[in-house]
Amino acid sequence: MSAADIQGLALAIVQAEIGKREGGIPIGSVLIGGGSEAIVYGSGHNLRMQNSSAILHAEMSALENAGRLSSGVYKQATMYTTLSMCTGAILLYGIPRVVIGENINFKGEEDLLRSRGVEVVVMDDEQCKALMQKFIRDHPNEWDEDIGGRGRGGEVKQS
């Protein structure tokens, strides 16, 4: 892992902490690009609870806060996120690289990303894991709603 990845993930963790303080789900994300000159295009955190939103997962929030960008910007950017999620947005915008804080509490469609040529880096960050473990323990119903009724590890829950 590079120094840039450590810094990018640290910014995403700041966003997760903001979400936690707001009473939301502690997941943060940052879109960074610019090649050798890192440019933060957008940052955000999960706002589903705060805004009663169906779609504002952290990655979507970061993309929304980045505003309209040319397609070339996305194609040279990295999405940093504290938890493995929002595969569709990454593929839609052609983001070639995603750095994930952790994928123990929830594993998104990382194999699909890889199969589409996206570089996926999992940092296995203890702070990210602890944030989610506490939230899941304290708010299991909200967590279940946020992930669409899917269980830990991304498996669909059996009823």
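Biologist: Happy to look at this predicted model with you! How far is the sulfur of C86 from the closest cysteine sulfur?

Modeller: Good place to begin. The closest cysteine sulfur to that of C86 belongs to C128, and the pair is too far apart for a bond. A disulfide would need the two sulfur atoms within 2.5 Å, whereas the separation here is 15 Å.

Biologist: How many disulfides does that leave in the count?

Modeller: C128 is in no disulfide, since its nearest cysteine sulfur is that of C86, 15 Å away. By the 2.5 Å rule, the count of disulfides comes to zero.

Biologist: Is C128 buried or exposed?

Modeller: The cut-off for burial is under 20% relative accessible area. C128 has 2% relative accessibility, so it falls below that limit. C86, at 17%, also counts as buried. For C128, then, the word is buried.

Biologist: Let's turn to helix α2, residues 58–66. Which elements do its buried residues pack against?

Modeller: The buried residues of α2 are A58, E59, S61, A62, L63 and A66. Their packing partners include both strands and helices. In full, they are β1 (28–33), β2 (39–45), α3 (71–74), β3 (78–83) and α4 (87–93).

Biologist: And M60, in that helix: which residues does M60 touch, leaving out those up to four places away in sequence?

Modeller: M60 is found in α2 and is partly exposed, because its relative accessibility of 29% lies between the 20% and 50% limits. Its C-alpha is 14 Å from that of G19, a residue 41 places apart from it in sequence. The residues that M60 does touch, with that sequence neighbourhood left out, are I55, C86 and A89.

Biologist: What residue follows α2, with a positive phi?

Modeller: The phi there is near 75°. The residue that follows the helix with this value is G67.

Biologist: Which residues that are not glycine have a positive phi, one in the loop between β2 and α2 and one in the loop between β5 and α6?

Modeller: The loop between β2 and α2 holds a serine with a phi of about 50°, and this residue is exposed, with a relative accessible area of 68%. In the loop between β5 (119–122) and α6 (126–138) there is an aspartate with a phi of about 55°; at 39% relative accessibility it counts as partly exposed. They are S52 and D124.

Biologist: Now the inside. Which residues have the most contacts within the largest nonpolar core?

Modeller: In soluble globular proteins, nonpolar side chains tend to be buried together. Here the largest such core has 14 residues, and the elements that give two or more residues to it are α2, α4 and β4 (97–102). Another core, of 12 residues, lies apart from it and includes I27, A58, F106 and M132. In the largest core, the residues with the most contacts are L31, L63, I95 and V98.

Biologist: One polar residue to finish: which side chain makes a polar contact with the side chain of Q15?

Modeller: Q15 is found in helix α1 (residues 3–21), and at 13% relative accessibility it counts as buried. Beyond four places in sequence, Q15 touches G28, S29, S43, G44 and H45. The side-chain polar contact, at 2.9 Å, is with H45.

Note on methods: Residues are numbered from 1 along each chain as its sequence is written. This is a predicted model: local features need pLDDT of at least 70, side-chain atom pairs count only at pLDDT 80 or more; totals for chains, interfaces and linings use all residues. Side-chain values use heavy atoms; hydrogens and water are left out. Buried means under 20% relative accessible area, exposed over 50%, partly exposed in between (1.4 Å probe, protein chains only). Helices (H or I, at least four residues) and strands (E, at least two) are DSSP runs, numbered from the N terminus. Contact means heavy atoms within 4.5 Å. A polar contact is a pair of N or O atoms within 3.5 Å; within protein, one must be able to donate a hydrogen and the other to accept it, and residues adjacent in sequence count only if both atoms are side-chain atoms. A nonpolar core is a set of buried Ala, Val, Leu, Ile, Met, Phe, Trp, Tyr and Cys residues joined through side-chain atoms within 4.5 Å.
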